[in-house]
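Trainee: Please take me closely through one part of this model. I would like to see how one strand is paired, and what its surroundings look like.

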Amino acid sequence: MQKYLLLVIVGLGLTASAVYLLVAKPVAAAQTEQSSVVFNADGTVQVPTGFRKWVFVGAPLTPEGLNDGKYNCDQPGGCTRSNFPEYHHVYIEQKNVDAYLRTGDFPEGTVIVKELTRVLNPTFPDSSRKEPSGRGYFNGAYNGIDMSIKDSKRFAKTNGWGFFTFGHHPLPYDKTSAERPVSECAGCHIANVANTDMTWIQFYPLLRDKKGY
């Protein structure tokens with residue numbers, strides 16, 4: 001009888017342990033999982049974190065880095081300047097890249113982070129040579145961060161995307177950002193890339209050519 005009771009107690013203990021492993025572990029995982037976007041009560045958004053581990057889809061280089069600070073010199077008004085003379089490192093979560101490659105559209109909740117770096121002087125002199133060496137364009141210090149979020153209900157007035165910036169300046173970035181005015185971000189996207197889910201797909205070969213990775 002005692003042996004029987006011992007077997008029952010052991011069996012109940014093993015069953016309880018199995019239930020704990022099945023139930024407790026997913027709960028723990030859910031508690032530690034972080035959202036890629038954190039909205040505050042006033043509608044502002046917190047600066048994104050962890051995005052450098054996402055899929056790196058491209059790094060466009062804006063005109064000043066290639067044209068000695070001049071831009072649009074073929075226009076009637078003469079040379080002008082762009083607003084952001086930097087590399088733009090663009091990151092998207094893998095699940096949303098996968099979805100875009102399958103469907104041609106980003107799912108609701110997609111976040112695109114654009115982190116800026118200054119362009120270093122393209123010529124680095126080598127004291128052992130008469131001619132400069134190491135010509136090229138290189139990433140300098142971090143110099144700002146922007147973010148766009150796809151939420152068709154929240155941002156219905158701007159084709160389903162909201163645009164935010166946490167400062168165009170060196171680290172540390174601003175901790176929060178309000179949605180930027182249409183004239184600052186969304187208007188340009190609506191005018192030029194409304195047909196490609198408000199995103200400059202043509203600048204990112206991974207998305208443009210849909211060959212996977």
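Mentor: T117 stands opposite Y142 in strand 5. Strands here are DSSP runs of E with at least two residues, helices are runs of H or I with at least four residues, and both are numbered from the N terminus. Strand 4 and strand 5 (residues 139-150) pair in the antiparallel sense, over eight bridges. Two strands pair if DSSP finds at least two bridges between them. This is a predicted model: local features need pLDDT of at least 70, side-chain atom pairs count only at pLDDT 80 or more, and totals for chains, interfaces and linings use all residues. Residues are numbered from 1 along each chain as its sequence is written, and side-chain values use heavy atoms, with hydrogens and water left out.

Stay with Y142. R52 lies over the face of Y142, 4.2 Å from the ring centre. The rule for a charge over a ring asks for NZ of Lys or CZ of Arg within 6 Å of the ring centre and within 35 degrees of the ring normal. K210 lies over the face of Y100 in this way, at 5.3 Å from the ring centre.

Strand 5 also pairs with strand 6, in the antiparallel sense, over five bridges. There, I149 has G162 in strand 6 as its bridge partner. I149 also belongs to a nonpolar core of 14 residues that includes F51, V111 and F164. A nonpolar core is a set of buried Ala, Val, Leu, Ile, Met, Phe, Trp, Tyr and Cys residues joined through side-chain atoms within 4.5 Å. Buried means under 20% relative accessible area, exposed over 50%, and partly exposed in between (1.4 Å probe, protein chains only).

The largest nonpolar core is separate from that one. The largest core has 17 residues, and V57, I92, V97, F106 and L207 touch the most other members. Strand 2 (55-58), strand 3, helix 2 (94-103), strand 6 (161-165) and helix 4 (205-209) each supply at least two residues of this core. Now look at F106. Leaving aside neighbours within four places in sequence, F106 is in contact (heavy atoms within 4.5 Å) with ten residues listed by the search, including I92, Y100, K150, W161 and L207.

Go back to strand 4. The side chains of R118 and E86 meet in a salt bridge, at 3.3 Å from N to O. R118 is in strand 4 (residues 111-119) and E86 in strand 3 (residues 86-92), so the pair links distant parts of the chain, 32 residues apart. A salt bridge is a side-chain nitrogen of Lys or Arg within 4 Å of a carboxyl oxygen of Asp or Glu. R118 is partly exposed, at 36% relative accessibility, whereas E86 is buried at 3%. The whole structure holds seven salt bridges.

Strand 3 also takes part in an aromatic pair. Its Y91 pairs with F56 of strand 2, so parts 35 residues apart in sequence are tied together. The pair is tilted, with 5.4 Å centre to centre and 55 degrees between the planes. Rings of Phe, Tyr and Trp (its six-membered ring) pair if their centres lie within 6.5 Å; planes under 30 degrees apart count as stacked, over 60 as edge-to-face and the rest as tilted. Y91 is buried at 8%, while F56 is partly exposed at 42%. F51 joins F56 and Y91 in one aromatic cluster.
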